Amino acid sequence: MHYVSLIIEFLRGRPAVVFWTAALAQAALWVIVPTLFYASPPGDVPTVLAVGREFMLGSYLGPPLAFWCAELAFRAAGMFGVYLLAQACIVVAFWAVFKLGRAIVGTRHAVLAVLLMVGIMAFNVPTPNFGPAVLAMPLWALALLHYWRALGEDARGYWFLLALDLGLLLLTSYAGVILLALIIMFAPLTGRGRFALRHIEPWVALILLAAVVFPHAVWLKDSRALVLSAIGDGPRNDLMPPWAWILFIVLLCHLGVLLLAVLASGWRADRRQRAPEIDRAPVERTARAFVYFFALAPVLAATAASAASGKLGPLGQVAPFLLLTGLAVIVAAGDRVRIFREQMVSSAWLGLLVVPPVFVALAILILPWTIGVDLKVGQPTTAMGQFFADNFQRRTGQPLRYVAGDARLAALVALAAPSRPHVYFDAMPERSPWVTPAALRRDGAILLWPTAGDPPPPLKSSFPELVPELPRAFARPGILPLSRIGWAALRPANSLPLPPTPRR
């Protein structure tokens, strides 16, 4: 008896159900796993929240929108809210690609494109690390959808939605400049684009785009040196130049797609065997060019920009550049897609969906108890924030308002402390313009460093009056040693001389 997987059957009969099941299942997994197993926020989330806490028009990390959204989500529902926001971004990005694919290749092939996206690592493991790259994904995808509606289907009202998408994208990540440039480049290359530019709507939409980005542009005019100084802070790799690193990450992210494509293609299989077919109407030439252009050009443009600048900056987060990879594969596969080895394909797809979050959960539970791996998501953030906030309150009679010292430790303590103190980046004070050393001395602060020894010389030179306390040890799971943190308390200038907390 010929085996037909449930995914294939539902894809034929209820393709929309398959799409929503896949998108929501992945989102649910990546909300549940971090919420239940992460003791500390992943990656750059603590810094994102520390910057978002201030609601500035921009920061050394770039445009402000992702930081504002993260802070609002955290205030609404804590870290669960941030994880939920991240996965909402992924679902919206998938939905936009699905809608775009349905307009170009039909509903069932559009679902196939989204299913392939589950095999792209950039849309899976890193997504709980909410930041500009994650928020850029839905805005990038919506911009492409609305651009096709306006240009490919001559629905002129979508030019205004496109302008809004691009404006919000530029308020999220400077990588959005690449999409803006490619959109401007693509329009005159096609007959439909040249025809669309004869109408007034795309030119009026430019005014809306300028209005959206104007406040940040004014801020950037006076702060561009600050932003440029931080571009080189991204991930570095001495084995290859930045442009090669981008290509390497892109190839690595596509290993899951390559696996699914090879299994389903019938390579080294008997081509005479029965295989389910999923057909569609022919794809017109403009639509085909649109998909290929916006699937390949962003990666090439990012690689060229990185080669020219010698830095990664926001281009190191490649996820927005890969949004049309699945759709491009489906367009290239032809009007009639035969899926060989559907049982293996279904199993591989389910594995790509389920195994990464399960593996992360098992790693958090097992590694600290077996080989003593120190995971950043296992840091005792809650205990740290509670201890330093309570200690400062008892010593001074005032809530903790400022934290400084090691950037990550300060951001973690600021995140977990009940008073949500401000973070001061003492090593580079220009990166925290919301606070000054005078404010720290006036209102007091907790200073932190990640070792049990003396404070680092830069911190000591910034605050020569600091008196180190006994290092504080925090328990960690498994066989990991205690986490010892050096610290000092700056007393507020107007505080009463309360006795210090007894040492244990």
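This is a short walk through one β-sheet and the helices around it, strand by strand.

Hi everyone, thanks for coming. One thing up front: what you see is a predicted model. I'll start with the whole sheet and then go along it.

So, how many strands form the sheet, and in what order? Five strands form an open sheet, ordered 4-3-5-7-6, and the pairing is mixed. Strand 4 and strand 6 sit at the edges, each pairing on one side only. On average, neighbouring strands are turned by 30° against each other, with direction ignored. There is also a helix on this sheet: helix 16, residues 381–396, packs on it and touches strand 5, strand 6 and strand 7. The direction of helix 16 makes about 30° with that of strand 7.

Let's go to the parallel part. Strand 3 covers residues 402–405, and strand 4 covers residues 422–424. The two run parallel and are joined by three bridges. If you want a pair to click on, tyrosine 402 has histidine 422 in strand 4 as its bridge partner. The connection here is a nice one: strand 3, helix 17 (residues 407–416) and strand 4 make a right-handed β-α-β unit.

On to strand 5, residues 445–449. Strand 3 pairs with strand 5 in the parallel sense, again over three bridges. Here alanine 404 stands opposite leucine 447, and glycine 405 has leucine 448 as its bridge partner.

Which way do the residues of strand 3 point? In a regular strand, side chains alternate between the two faces of the sheet. In strand 3, Tyr402 and Ala404 point one way, while Val403 and Gly405 point the other way. Are they buried or exposed? All of them are buried.

Now the antiparallel part, which brings us to strand 7, residues 483–490. Strand 5 and strand 7 pair in the antiparallel sense over five bridges. One pair to look at there is alanine 445 with its bridge partner in strand 7, leucine 490. Strand 7 also runs antiparallel to strand 6, residues 472–474, and three bridges join the two. In that pairing, alanine 473 has arginine 484 of strand 7 as its bridge partner.

And how much of strand 7 is covered? Mostly covered is the answer, with seven of its eight residues buried.

To recap the picture: strand 3 pairs in parallel with strand 4 and with strand 5, while strand 7 pairs antiparallel with strand 5 and with strand 6. That's my tour; happy to take questions!

How values were computed:
Residues are numbered from 1 along each chain as its sequence is written. This is a predicted model: local features need pLDDT of at least 70, side-chain atom pairs count only at pLDDT 80 or more; totals for chains, interfaces and linings use all residues. Side-chain values use heavy atoms; hydrogens and water are left out. Buried means under 20% relative accessible area, exposed over 50%, partly exposed in between (1.4 Å probe, protein chains only). Helices (H or I, at least four residues) and strands (E, at least two) are DSSP runs, numbered from the N terminus. Two strands pair if DSSP finds at least two bridges between them. A crossover is right-handed if, with the strands pointing away from the viewer, the path from the first strand over the helix to the second runs clockwise. Axes are lines fitted to C-alpha atoms, for helices over the stretch in contact, and angles run from 0 to 180 degrees between N-to-C directions. Contact means heavy atoms within 4.5 Å.
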